[in-house]
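User: Could you look closely at one part of this model, describing what surrounds it and how the neighbouring parts are packed? I would like one connected account, with cut-offs where terms need them.

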Amino acid sequence: MRPEIDIIIPSCKTTKELSGLVEEIMRNSTGAFELIMAANPDFSAAKNRNAGLSSSTAPYIIMMDDDITGLYPGWNEELIKPLKIFSAISVVSARLMRKDGKFAAMMGSRYRIGQEFEEVPKTPTVCVAFLQTLYRFDENFMGSGFEDDAFCLAMGPEIVI
């Protein structure tokens, strides 16, 4: 069965260093998904991101930083839900939480707890979902930073769930 979701972890860490995150993803992800590791310490963030995208064939993509924790059962299907419901939305970000259950700092958020979705001018890209696309991350950005902002701006309307 072709996976509905590709979960991509772009990282400069080794696969061994990512084993805890991989275990958490495998334990808490539901539905048909494939995990794609794009872990090359010699690559920039953009190049690792693009390597992951080059291996992706699913209609929905989740791209997450290598330091994410606290995934709960079904997190992946919940994250892509707005992409299925709202055809105008192209990028969705998870709301970041602190260990005490309060919202973590996120650029662009107004922290409206009572709303299921929040439209934001700039997507926090720690854990994002988007539709399969021809867009790629600009490899002219060195190291990490801003390649993700440029990608999200190119994709279009963004929300945080």
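**Helix 2 and its surroundings**

Analyst: The cover over the buried residues of helix 2 includes strand 1, strand 2 (33-39), strand 3, strand 6 and helix 4, with contact taken as heavy atoms within 4.5 Å. The model is predicted, so local features are given at pLDDT of at least 70 and side-chain atom pairs only at 80 or more, while totals for chains, interfaces and linings use all residues. Residues are numbered from 1 along each chain as its sequence is written, and side-chain values use heavy atoms, without hydrogens or water.

Helix 2 itself spans residues 45-55, and its buried residues are A45, A46, N48, R49, N50, G52 and L53. Here buried means under 20% relative accessible area, exposed over 50% and partly exposed in between (1.4 Å probe, protein chains only); helices (H or I, at least four residues) and strands (E, at least two) are DSSP runs, numbered from the N terminus.

Helix 4, one of the covering elements, runs over residues 147-155 and has its own buried residues, namely E147, D148, D149, F151, C152 and M155. Just after helix 4 comes G156, which takes a positive phi of about 115°.

Strands 1, 3 and 6 also lead into the packing of nonpolar residues. The largest nonpolar core (buried Ala, Val, Leu, Ile, Met, Phe, Trp, Tyr and Cys joined through side-chain atoms within 4.5 Å) has 21 residues, and those with the most contacts inside it are I7, I25, I62, M64, W75, L79 and C127. At least two residues of this core come from each of strand 1 (5-11), helix 1 (19-28), strand 3 (60-64), helix 3 (75-85) and strand 6 (127-131). The greatest contribution to this core, 4 residues, is that of helix 3.

Leaving out residues up to four places away in sequence, I7 touches I25, S29, F33, E34, L35, I36, I62, M64, W75 and N76. Another core, of 13 residues, lies apart from the largest one, and among its members are I36, V128, F130 and F151. I36 is thus a residue that I7 touches and a member of that other core, while F151 is one of the buried residues of helix 4.

Two cysteines can be set side by side: C127 is buried, with a relative accessible area of 4%, whereas C12 is partly exposed at 43%. The structure holds 0 disulfides, a disulfide being a pair of cysteine sulfur atoms within 2.5 Å.
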